[in-house]
Amino acid sequence: MRDSLVTLSSSAAGRRFLVQVPGASQSPLTDLELAQVLNWMVRNLSARAVPADFIDFTAAEVASYRRPPLVKVRETRASLLESAREQMAR
């Protein structure tokens, strides 16, 4: 996860993924609290440097992505990371 936080938080689909994974979407945290945790994770747990243009997660964004929770976590993550690698290769 440390290697993919910045990559995933850089696209709308990746941000949706980070909010919809079961541990996040089903947590008892409020939307604001979850946004704050995600922002903290990106800034403090990422193995890669956070770009200067990183946009913080907001409560409204979390609320819009939170339901329904993601079911195919591994497949979705693999697909998102493959798409990011392809875009970087261009």
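1. Let's start at the surface. In this predicted model, the protein chain has an accessible surface of about 5,700 Å², and carbon and sulfur atoms hold 57% of that area. Turning inward, buried residues account for 36% of the 90 residues in the chain.

2. On overall dimensions, the C-alpha trace spans about 40 × 30 × 20 Å along its principal axes. The radius of gyration is 12 Å, which agrees with the value near 12 Å that a compact globule of 90 residues would have.

3. The secondary structure is simple to describe: six helices and zero strands, following the pattern α-α-α-α-α-α along the sequence. As for how the chain comes together, take the contacts with a separation of 6 or more: 73% of them join residues 24 or more positions apart.

4. You may want to look at the largest pocket, which has a volume of about 240 Å³. Its lining consists of 13 residues, and Thr-7, Ser-10, Ser-11, Ala-84 and Gln-87 are the closest to the pocket centre.

5. Which helices each supply at least two residues of that lining? They are H1 (5-8) and H6 (73-89). H6 gives the largest share, with six residues.

6. Finally, a word on the chemistry of the largest pocket: its lining divides into six nonpolar residues, six polar residues and one charged residue.

How values were computed
Residues are numbered from 1 along each chain as its sequence is written. This is a predicted model: local features need pLDDT of at least 70, side-chain atom pairs count only at pLDDT 80 or more; totals for chains, interfaces and linings use all residues. Side-chain values use heavy atoms; hydrogens and water are left out. On a 1 Å grid over the protein atoms alone, a cavity is a set of points where a 1.4 Å probe fits but cannot get out, and a pocket is an open set with protein on both sides within 12 Å along at least five of seven lines; lining residues have an atom within 4 Å of a point. Grid points are joined across faces, edges and corners, and a volume is the space filled by probe spheres set on the points. Helices (H or I, at least four residues) and strands (E, at least two) are DSSP runs, numbered from the N terminus. Ala, Val, Leu, Ile, Met, Phe, Trp, Tyr, Cys and Pro count as nonpolar, Asp, Glu, Lys and Arg as charged, and the others, Gly among them, as polar. The radius of gyration is taken over C-alpha atoms; the globule rule is 2.2 Å times the number of residues to the power 0.38. Buried means under 20% relative accessible area, exposed over 50%, partly exposed in between (1.4 Å probe, protein chains only). Contact means heavy atoms within 4.5 Å. Accessible areas come from the Shrake-Rupley method with a 1.4 Å probe; for residues, only the protein chains shown count as cover.
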